[in-house]
Structure formats: C-alpha cells, structure tokens
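Q: Please take a close look at the surroundings of ligand 2 in this structure. Which residues and elements surround ligand 2, and where are the cavities of the structure lined?

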Amino acid sequence: MKTYLVTGGAGFIGSNFIHYILKKYGDSIRVVNLDALTYAGNLSNLEDVSGRDNYEFIKADIRDAEAVREIFKTHDVDVVVHFAAESHVDRSIRTPEVFVETNVLGTCVMLNAAREAWEKEDGGFKEGKKFLHVSTDEVYGSLSDPGEYFYETTPYAPHSPYSASKASSDFLVKAYVDTYHFPANITNCSNNYGPYQFPEKLIPLMINNALKGRDLPVYGDGKNVRDWLYVEDHCKGIDMVIEKGRIGETYNIGGHNEKENIEIVRIILDTIQELLTQGDDRREMAQKSRIKFIEDRKGHDRRYAIAPDKISSELGWKPETMFAEGIKKTIAWYLDNEEWMERVTSGDYQNYYDRMYGAE
Ligand code: NAD
Ligand code: TYD
C-alpha cells in the first residue's frame, strides 16, 4: 500500500489533491496530511475524508526537523507531495522573512528527512520513493512579448520575495538530485483557481467582494496577464508526474488560458449574473461600477504563460476543464459554501484586508 505524505494538505491545492487521489485510488493508498494550519490552512476543507481509516492529519510545522523526522519514523512514506508554503505575493512584499523560513528552510527540512529515511547504506535510494516538489511558474519572471512562453529551460528570474523563495527551494531540490541522486521531480504550475481557495487571491477575493457589494480592487491598469488552470487539472498533472515522471526532471503545468485581470473580473461579474436569479440581493450588488483601479502592486510581473509541451508529449497530460466551465463551477461552489467563506474570513482576515486595501 503506497503511503503519500502530503505537506500543506489543508490549503487550497493540497486539499484538492487529497480529494483527487482518494477518489482515484480509494482504499488502496494511505494519505498522511502534514500541515501547520496557518491562516491559509483549514481542516474543514477535508471534513468529508477525515473519518477514513486511510487518512491521517498531523499538525506539524515543516520547519520543525524533529517533528518531521518523527513522521518518517512512524510512517513508511513512499511519496512526499510537498505543497506547504507561504503562497501569497502581497504578503511576501510585507514580510519576506516568513517566506524564506517556510519555503526555503522548510523545504530543506523536508528534503533532509526524506533523504535520511530513504537512503540505503550504499548511498542509493530505496525503490519506489519519490519527492514531488510543487512549485510555480513565477520563478521564471515576467514575459512581455505575447508570443513568448515559459519552458522548463527558461532561466529563472524571480522578482517578488515569494517567487525568489520558491526559486530557492527549487534549486535546493535540484541540488539534492545532482548531489545525492535524490529521487525528486519539480512541477512549475501557472495560477490555479477552484474550490477552497483563500479569498486573498484574485478570483475568490473578487467573487467574495462582488457577492457582498464591496469594491473590486484591480491593481494598476488591470492588464497584467495570468495563465489560469482549474485546480483539478493541476492535481491530475501532479499525479501523472508522480506515476510516470522521469526522476530528476522538471515539468511545467499550464493550460494556455491567458487572461488579463480585468477580463477575469468582468467574467466573474457576468457569471454571477447568469447563476443567480433576478431579485437575489447578491446579484444586484455584483455590479461593474464596483470595479476600482487602485495603486499597482510593487514589482508587479506583467505576464505569465506556460508552455506545457513536455508534460503533454511525455506524459499525455492535457487540461480537461475549459475556463468558461471552470469559473462557473468555482462560483457555484462559493455560492453553495458561503459558510466556508464566513469561517475563513472571520478571524484575522479582516485585519489583513484593511491593511492591504484600507477599510471601506
Ligand atoms: P495555500 O496558501 O492555500 O496553502 C498552504 C498550506 O501550507 C496551508 O494549509 C498552510 O497551513 C500550510 N503551511 C504553511 N506554512 C507551513 C509550515 N511552516 N508547515 C506546515 N504547513 C504549512 O497555498 P496553495 O495555493 O494551495 O499552494 C500550494 C503550493 O502550490 C505552494 O507551494 C505554492 O507555491 C504552489 N503553487 C500555487 C499556485 C496557485 O495558484 N495557488 C500555483 C502554482 C504553484
Ligand atoms: P494573485 O491571485 O495574488 O496571484 P499571483 O500574484 O501569484 O499571480 O493575483 C493574480 C493577479 O491579480 C495579479 O496580477 C495581481 C492581481 N490582483 C489584483 O488586481 N487585485 C487583487 O486584489 C489581487 C489579490 C490580485
């Protein structure tokens, strides 16, 4: 029975990934979810799987070498799927050091613990072990020419403290592959959207604000471009790399779905109009007049765009959910889960929001 150690499994992509593999492999696998439950981690994302015999949650911090080592001692881990990270660019601009501690030092702790548990006496590694490091396309920097894309061979050029910390962690993983022949893969994915995403990121923030009749804060001229992928398609790509990816390789994941931020905000407003019936207060409140162009993010990357040629040709990955369908599913999920949104925004979120955007 294969055991997956998923770090950051209570976050947005991690919880979607746990749902994905438990649905796909059922009781034939075991999942251990290691998460420190920061502001971004939420156990209610996993309420439906928490009672299963083949799922276990362990509250621990990836920076805590002793705690992580203990997990490897008590579980025969086959695959590490390393999501745990500080993930929001705006927060990284305010507190870069937290990003270095979690994303760089935390990854180093995970790599050391896996190496210690998996290395044989002859310096080789036990059969069937793999460390999948989940990373971002932001490590490649910013594109300007519309015909340009990020390939696995594109030189790293991170700009924000977030992307710099992710780039550092990628280099650490590459160093373990080169130095110890450590069995790892890296995936660099474009912007994800879907259920359980914390409303500090563009899409859930806009959905939440629109439904509450709040302003819709668009940075700069709104023409920055991101390449959006439905989270389940990302999870499918990670699973394929775990199963079939060549050891030591990097795979870019993205669905060629580039959109300007302002276009995303307009699509969200139109979709809310389509999904809610006339007379619903939330429908009346979600108006284009609420769009407010505000001061630009510092060092704001202009455009990201992934070329997924390698994962498509080598592993047969392709995105299944087109944006028009994915955004409808996502907004429908937020409409059905207003309680979830209330819960995650009830704590420190309001302080964060007021600091970032000013009290309304
Ligand atoms: P998230 O912020 O929603 O979740 C992060 C999770 O990690 C949370 O559950 C949090 O509690 C946990 N965590 C944070 N610090 C920890 C620590 N020190 N110890 C243990 N757990 C800790 O993030 P996400 O959007 O789900 O992203 C997951 C991963 O995917 C990150 O590594 C991110 O860089 C990468 N990624 C994200 C996107 C995206 O669009 N969201 C795109 C590409 C790659
Ligand atoms: P975000 O979801 O933070 O992802 P990332 O910066 O990692 O790509 O932001 C996506 C884009 O949306 C980015 O260009 C910044 C922009 N943005 C806004 O215009 N307003 C907002 O309130 C937020 C959170 C983001």
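A: The answer below describes the shell around ligand 2 and then turns to the cavities.

The model is predicted. Ligand 2 is surrounded by 18 residues, and the closest are E138, R226, R297, H300 and Y357. By class, this shell holds eight nonpolar, five polar and five charged residues. Among secondary-structure elements, α6 (202-212) and β8 (216-219) each contribute at least two residues to the shell; β8 gives the most, with three.

Specific polar pairs can be named for three side chains. A polar side-chain atom of R297 lies 2.5 Å from an oxygen atom of ligand 2. For Y357, an N or O atom of the side chain is 2.6 Å from an oxygen atom of the ligand, and for N191 a polar side-chain atom is 2.9 Å from a ligand oxygen atom. Of the 510 Å² of accessible area that ligand 2 has on its own, the protein covers 98%.

A search of the whole structure for cavities of 30 Å³ or more finds two. The largest cavity has a volume of about 50 Å³. Its lining includes E138, R226, R297 and H300, residues that are also listed among the closest to ligand 2. Also in this lining are V89, H159, S160, K298, G299, D301 and Y304. The lining divides into two nonpolar, four polar and five charged residues.

The second largest cavity holds about 30 Å³ of space. Its lining includes V173, K174 and V177, as well as A184, N185 and I186, and both α5 (161-180) and β6 (184-189) supply at least two residues to it. G248, E249 and T250 also line this second cavity. By class, its lining has four nonpolar, three polar and two charged residues.

Terms used:
Residues numbered from 1 in each chain as written. Chains lettered and ligands numbered in written order. Predicted model: local features only at pLDDT ≥ 70, side-chain atom pairs only at ≥ 80, totals over all residues. Heavy atoms only, no water. 1 Å grid on protein atoms, 1.4 Å probe; cavity = no way out; pocket = protein on both sides within 12 Å on 5 of 7 lines; lining within 4 Å. Points joined across faces, edges and corners; volume = space filled by probe spheres on them. Nonpolar A, V, L, I, M, F, W, Y, C, P; charged D, E, K, R; others polar. Helix = DSSP H or I, 4+ residues; strand = E, 2+ residues; numbered from the N terminus. Near = heavy atom within 4 Å. Polar contact = N/O pair within 3.5 Å; in protein donor to acceptor, adjacent residues only side chain to side chain. Areas by Shrake-Rupley, 256 points an atom, 1.4 Å probe, with all protein chains shown as cover.
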